[in-house]
Each structure stands twice: as C-alpha cells, then as structure tokens.
Protein chains: 2
Amino acid sequence: MLLELRHLRSLQAIYQGGSLARAAEQLHLTQSALSHQIRSLENYYQTPLYLRSTKPLTLTPAGLKLLALAQQVLPEVDATDRQLRSYAQGESGRLFIAIECHACFEWLIPVLDRYRQAWPEVEIDIRLGLNFEPIAALQKGEVDLVISSDPQAHKALSFEPLFDYEGLLALAHDHPLTAKKYIVPADLADQTLVTYPVERKRLDVFSRFLQPAGVEPANVRQAELTAIILLLVTTLKGVAVLPDWVLKESMSHNRFTTRPLGKAGMHGTLHAAVRRNESEAAFIQGFIALGKRAMDDVIVHYAE
Amino acid sequence: MLLELRHLRSLQAIYQGGSLARAAEQLHLTQSALSHQIRSLENYYQTPLYLRSTKPLTLTPAGLKLLALAQQVLPEVDATDRQLRSYAQGESGRLFIAIECHACFEWLIPVLDRYRQAWPEVEIDIRLGLNFEPIAALQKGEVDLVISSDPQAHKALSFEPLFDYEGLLALAHDHPLTAKKYIVPADLADQTLVTYPVERKRLDVFSRFLQPAGVEPANVRQAELTAIILLLVTTLKGVAVLPDWVLKESMSHNRFTTRPLGKAGMHGTLHAAVRRNESEAAFIQGFIALGKRAMDDVIVHYAE
DNA sequence: GAAAAACATGAAGTTTACTCATTTAATTTT
DNA sequence: AAAATTAAATGAGTAAACTTCATGTTTTTC
C-alpha cells in the first residue's frame, strides 16, 4: 500500500487550489514535488487520476474516488489530531474515575457537575469499584483516577490528599447507645451493623475498628444506597458507620444522631490516586482542586 | 502534521497482535522500526500512547483515541484502495453515458439492464445531452461514453461503431404521402414536422435532408416523448422522422407506416465515443459489445 | 503565432524511515 | 530470589523516499 495521508492532502489541495502550482504553495511544496507525487500514485494504481489534455487538470473517475476519500477521511484525522494536541497541553483528556467507597457518591456527583462546567472538553466516566482492584486498573490504564482512603508509596502512581473525614456511628435518637459519649468495639457486639455490599477489608469499621479488637457484630446487613442505610438506622433496624460528610448532609432531615468510634474518633483522609506522569496535567489538577473543596458547601449546610 | 496512515496501520497491528514483535512481523517490519515509529508519534503529540510499565503494552487514553481513528479510517481507505485497483484492471469503473439523440432511449434502457447484470461493480448514469456538448464533456471527464451518430477523427477520443440505422418518415396509414414509394425534401414543404425538442443541427432530417435542399416544412412542432410523436403522426397532426428501430418496435401496435427519405434512404451509424486511453478497459468493451447487439431483439420483434 | 501559464522530467541533495546489533526492563520459571 | 526468558528501547549506519532545482513540453491566451 502506497497511499498515505500526504497524498490525500495533496489531492484535496489541488482540488481547492485548482492547479498544481497553487496547491504546492498551500502545502509548502514545489510544483514538481506534487507532480511526482501524483505520478507515483498513478503508477501505483495503473490508472490516470487526472486528464492531462486539459490544462487546469481535471479529475478522472478514479481521481474523483480518491478525492472523495480525502474529503471523508481528512476531517476525521484532523479532528483527532487536534484533540491529541490538546491532550498534551492538559486542556482536555479522559478522566475515568474509580471509587472504592460507595459513600463517595454523595460528594463526587456535585463535584463532577462543577468540573464538567470548568473542563467541558474532558471525557468523564465513573467506574464503581465493585469487581476489580482500582489501583491495578489505574496502572493498567483502565481508569485515570482512583478515590482511595489508603495512600501507598508507589513508583508509578501519585496520591494526592483531598480532605479529612471521620467515620461516625449513626444511630437513632432513641437508641440505647446514645447514652455513651463515644463507642468502643465491644458496644457493637450485640448490634446489627448495616454496611455497603463490599468486601470487609474495604470497610473501615471492620479493618480499623472491629477486627483489631476481635469483635464481631451480632448481625451484618447490607444495603446499596446511603438513603436506605439511614432509613434502617432511624427505624432502629441497626447501626451504621458512615463518613461524617454523609451524616452532616442528612442530619437535619432525619431522626438520628452520631457518636465517634473510639475516644479519638476514627479519622482518615481521602486521596486521589493518579498515574505519576499524568499527575501534573491541568485537567487532573483541576479535578483535584475541586475535590479538595468538596466539603466546603457540605459544611455550610451543617452550619445551618 | 506527522501522522500518516502508516502509523494508524501500526497501531492497529499492535492492537491485533498484542505486542510490537508480532505486529512487526505482520507488517513486514522489525520490532525496532515500530518502536521508533511509536516513539516519534509520542514525541510529536508530547504524550505517551502506551503504558510502558506493563509488559504487554497497554494503550493510554491518547493511544486509544488514535486506535479508534485507525479503526474508523482504515477500512474506508482500504475499500477505496481495492476499488481503485479494480479500476485499473477494468473490472469496475464509472460509466456515465451521454446521449445526443432522444430516440436512443428506446434501445439504451434494455441494453443497460443487461449491462448492469453483467457488470454489477460499474457505476452507471445517463446524462441527457440537452444543455451541453457531449463530446466536450467526454474530454473533460464529465461523462465517460457518448452515443453519437457523427464520428470524427480525434486524437484523444475513439469512436466505435455500434449498429446502422435508417431515418424513416413515419406517417399515418391514410396520409396522402403514402402514395409515394420514397420521400423527397419538397414533399415536406407543406407538412407539419414533429421533432424532439433539440437544436436543428442535431436532427438528421434538417442537417442531412431538408437543409441541403433548402426546404423548410410548413410547420415544425416539438414533442418530448417518442410515444407522443407517434400519436401525433397517427392522428394526422403531422409527420416525423425517426430511426428505424423505434418504428419497428411500434409498427405492429400503431396505425402508421414508413417511407424512406430519398431514393437510397437516409442511413447512418450510431457510434460509442470514449476516451482513447480508456477504450480498452474491459467494462467499456463490455458495454460496446452489448450495444452492438442492441438491435438483435428489436428485429425479432419486427419479424412477428 | 508568439508569449505566458501550467505541468512533466531527471538528476542531485536531503530528509526520513528502516534495519542491525545491543542494552534495558518486565515477566516467568526454577 | 535469582536466573532465564520474553518484550521493548536505543543508537548508529544505511537505504529509500521525498524534495528541490533546473530545464523541457504542452496547453492556453493574446
């Protein structure tokens, strides 16, 4: 196959310019170069592309076919080319986000709404981290940013802190445990614990609170949606551990209260993990900047 | 712009093969060549296209964009490429036919029906030669074959004879001129002549019969369709000169008869004019072969 | 019919793309 | 863990391709 984009560009330029000479000028070539180029194409296809008997060259049927191809293909190529250039400048790109924690939806959706307005060129998607290891997926390029609560030293990945949170026990106003100033693991031994339907190792309550103390709740029940978990809590069907931002959001509207886990509380920091070589890209930094301010309006809400 | 089809082909091969080495083999290149090629692309776009940290190379978002382009564009390019190759071999091509004579429709349509079946790849169109000079259009590549009755020596065009015809005067059974064995120009001086609506110089009656004798018919009336002309003839509204094949077709169904023009009759030969360099193309020869046999079934009809 | 415009041609020069040989890195095996 | 294996990167040399330059033809215009 001899045909290259270069040839299609030449054909288009000749068509637009009406002559080899003008096309050559537009393409920053000499007329001779174009003549050679066309000749080599004609040679390759064993058929003339232009009628030489007329002086402003006119296309043969074969030439017309090629020109039609040029006019179909070149715009597509140019569009992709432009897009890739802007990728490099960080003005646009692909931002596929994987989240490990279900609760993160509560702040992520509003953040993405704002992000879309600021970075309209960026292709956004959310991958719920149920079936796969988000960090591995990040390395493999399946996703471009992972919201994670346990940063790790990694040569190819960089973890940027977003904001601190505290895991709080949510319980109904009239729940017996409201009597306590803070919760210790043993308090949950006779309770029903409501969680998101994910592996235990991904749930802070287990990995950081119950398992170190060797405590198992009387019952564990799962619910997909935050609203349902809170409903179960207010109706005394169980207790749940959720990040503070979720609870602050809903506290005023629901009849439940919160207690810290342990005397000092169970604190953590949410991080955005990205591939190190992309971490400086403007559209990535733009997301992180918005992510760091995700709690701003939640706290305003809380203050009411 | 650095991007060429070559790069898109490489991306596709790497995607299909799964590795540089296999792709290189498929493309008849070395692994090194591919590595250099990819690197130059990455250099140009200032962004990696593959993640090097994984061993079977995986695409970055930017790489995916390019691959998507490749998969969209390459099939189109390949299709055109194949088509152009077959152009050269004469198996396919474009056959835009210009006809100078209205009456030619009568035999051309059935011929084209047969032609389409034999040459399904050929793109067919008919351009009615009302507004333009068909021979000039042929030279300019606007059409590819002209049905003409006056062949001329031409360096760039070749005229191939199809079949002979005779221009006959059609008149109603009860028309006074039926008394004559053959018609002389003066016979039409008091007649209404019905013709197709084209310039006189294109009508044999005028250019070869009346004008040389300096005779002008009493009246000239025009009609678009052969059927209407014949209707006018049978209803004694006028007489008309038409090629024998048209009349043979309709003779049995209509109440009219024919007389030769002049003692010897006004004979001619229809030719197919094509560009000389295309005249040997198989799909052109195929049409001419069918054209030469166009009268075969007409004559059968006449014999009934 | 001469002048001008447009394209073709061929040799020379330059860029570019490819190959070869080797090194480096990642993955698998022992 | 270390060795072996597979896969990709690198760099210099080479060959090919594209371009230019200078000039020759052909077509068109005046």
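Here is a quick briefing on how two protein chains meet each other and two DNA strands in this structure. Keep in mind that the model is predicted. Chains A and B bury about 3700 Å² between them, and there are 23 residues around DNA strand C and 22 around DNA strand D. Helix H3 turns up again and again: H3(A) gives the largest share of the surface near strand C, and H3(B) does that job near strand D.

**Layout of chain A**

- Chain A splits into three domains: domain 1 covers 5–89, domain 2 is made of 94–163 plus 269–290, and domain 3 runs over 164–267.
- Going by C-alpha atoms, the centres of domain 1 and domain 2 of chain A sit 44 Å apart.

**Where chain A meets chain B**

- Each side brings its own set of residues to the contact, with 42 from chain A and 42 from chain B.
- Of the roughly 3700 Å² buried between the two chains, carbon and sulfur atoms give 63%.
- A:Pro61, A:Lys65 and A:Leu84 are the trio to look at here, as they supply 16% of the area that chain A buries against chain B, more than any other three residues.
- On the polar side of things, the interface has 12 residue pairs in polar contact, counting pairs with both residues at pLDDT 80 or more.
- On the chain A side, the elements giving two or more residues are helix H1 (5–17), H3 and helix H4 (61–89).
- H4(A) gives the most to that side, with 18 residues.
- Sorted by class, the chain A side has 18 nonpolar, 10 polar and 14 charged residues.

**Salt bridges**

- The count over all chains comes to 32 salt bridges, and 4 salt bridges are found across the interface of chain A and chain B.
- One pair to pull up is B:Arg6 with A:Glu4, a salt bridge whose closest N and O atoms are 4.0 Å apart.
- In terms of elements, B:Arg6 belongs to helix H1 (residues 5–17) of chain B, while A:Glu4 is in the segment before H1 of chain A.

**Around DNA strand C**

- Out of the 23 residues around this strand, the ones that come nearest are A:Ser32, A:Arg39, A:Arg52, B:Thr30 and B:Ser32.
- Sugar and phosphate make up 63% of the strand C atoms that come within 4 Å of the protein.
- The bases get some attention as well: a polar side-chain atom of A:Gln31 is 3.1 Å from a base nitrogen of strand C, and a polar side-chain atom of B:Ser32 is 2.6 Å from a base nitrogen of strand C.
- For a backbone example, take B:Thr30, which has a polar backbone atom 2.8 Å from a phosphate oxygen of strand C.
- At least two residues each come from helix H2 (20–27) and helix H3 (31–45) of chain A, and from helix H3 (31–45) of chain B.
- H3(A) has the largest share of this surface, at 5 residues.
- By class, the surface near strand C holds 5 nonpolar, 12 polar and 6 charged residues.

**Around DNA strand D**

- Here the nearest of the 22 surrounding residues are A:Thr30, A:Ser32, B:Ser32, B:Arg39 and B:Arg52.
- Sugar and phosphate account for 62% of the strand D atoms that come within 4 Å of the protein.
- Two backbone contacts go to phosphate oxygens of strand D: a polar backbone atom of A:Thr30 at 2.8 Å, and a backbone N or O atom of B:Leu20 at 3.1 Å.
- B:Gln31 reaches a base instead, with an N or O atom of its side chain 3.0 Å from a base nitrogen of strand D.
- The elements that give two or more residues to this surface are H3 of chain A along with helix H2 (20–27) and H3 of chain B.
- The largest share near strand D comes from H3(B), with 5 residues.
- The class breakdown near strand D is 5 nonpolar, 12 polar and 5 charged residues.

Notes:
Residues are numbered from 1 along each chain as its sequence is written. Chains are lettered from A and ligands numbered from 1 in the order in which they are written. This is a predicted model: local features need pLDDT of at least 70, side-chain atom pairs count only at pLDDT 80 or more; totals for chains, interfaces and linings use all residues. Side-chain values use heavy atoms; hydrogens and water are left out. A residue is near a molecule or strand if one of its heavy atoms lies within 4 Å of it. A polar contact is a pair of N or O atoms within 3.5 Å; within protein, one must be able to donate a hydrogen and the other to accept it, and residues adjacent in sequence count only if both atoms are side-chain atoms. Helices (H or I, at least four residues) and strands (E, at least two) are DSSP runs, numbered from the N terminus. Ala, Val, Leu, Ile, Met, Phe, Trp, Tyr, Cys and Pro count as nonpolar, Asp, Glu, Lys and Arg as charged, and the others, Gly among them, as polar. Domain bounds come from an automatic or database domain assignment. Contact means heavy atoms within 4.5 Å. Buried area is the accessible area (1.4 Å probe) that two parts lose on being put together, summed over both. A salt bridge is a side-chain nitrogen of Lys or Arg within 4 Å of a carboxyl oxygen of Asp or Glu.
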